[in-house]
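Good morning, colleagues. I would like to take a few minutes to walk through one model with you.

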Amino acid sequence: MKEISVLELKEKIDNKEDFQLIDVREDFEYEMSNLGGTLIPLAGILIESDKIAKDKPVIVQCRSGKRSAVAIMQLEAKGFTNLYNLQGGILAWAEEIDPTMEVY
């Protein structure tokens, strides 16, 4: 499984690179804090896979990196090859990039 660090993600955002960010957490988690990605909770990832780009890099994130890894395994089984897991998820983002971000 391909992975990306929060520092690499911040660089992509700062450079305005073309990629898609998918957040596989639940609604209440997303409302508390998010990185502006498209919310597709893990339970619906296969049902809503048509919302996921196949023609550019897609970074999948959750709270810690575990649910996003599960989502990537499910999507790769359906033929996706452009997915990257955000190492450490939003917890790593809060720790390394934005210490003011509310996490739980």
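**Surface patch and nonpolar cores**

Let me begin at the surface. Met1, Val70 and Met73 together make up a nonpolar patch there, and their combined accessible area is about 270 Å². Please bear in mind that this is a predicted model.

Of these residues, I take methionine 73 in more detail. Methionine 73 belongs to helix 3, which covers residues 66-77. Its relative accessibility is 49%, and since exposed means over 50%, methionine 73 is classed as partly exposed.

Helix 3 also leads us to the interior. The largest nonpolar core comprises 15 residues, and those with the most contacts inside it are Ile22, Val24, Ile45, Ile52, Val58, Val60 and Leu83. Two or more residues of this core are supplied by strand 4 (58-61) and by helix 3. The largest share, three residues, is that of helix 3.

Which residues does isoleucine 45 touch, not counting residues up to four places away in sequence? They are Ile22, Val24, Ile40, Ile52, Ala71, Gln74 and Leu75. Another core, of 14 residues, lies apart from the one just described; Leu35, Ile59, Ile90 and Trp93 are among its members.

I close with serine 5. Serine 5 sits in the loop between strand 1 (3-4) and helix 1 (6-14). Is serine 5 buried or exposed? Its relative accessibility is 19%, and because the limit for buried is under 20%, serine 5 counts as buried. Leaving aside residues up to four places away in sequence, serine 5 is in contact with Leu86 and Gln87.

Terms used:
Residues are numbered from 1 along each chain as its sequence is written. This is a predicted model: local features need pLDDT of at least 70, side-chain atom pairs count only at pLDDT 80 or more; totals for chains, interfaces and linings use all residues. Side-chain values use heavy atoms; hydrogens and water are left out. Helices (H or I, at least four residues) and strands (E, at least two) are DSSP runs, numbered from the N terminus. Buried means under 20% relative accessible area, exposed over 50%, partly exposed in between (1.4 Å probe, protein chains only). Contact means heavy atoms within 4.5 Å. Patches are made of residues with over 30% relative accessible area and no salt bridge: like charges are joined within 9 Å, nonpolar side chains (Val, Leu, Ile, Met, Phe, Trp, Tyr) within 5 Å. Accessible areas come from the Shrake-Rupley method with a 1.4 Å probe; for residues, only the protein chains shown count as cover. A salt bridge is a side-chain nitrogen of Lys or Arg within 4 Å of a carboxyl oxygen of Asp or Glu. A nonpolar core is a set of buried Ala, Val, Leu, Ile, Met, Phe, Trp, Tyr and Cys residues joined through side-chain atoms within 4.5 Å.
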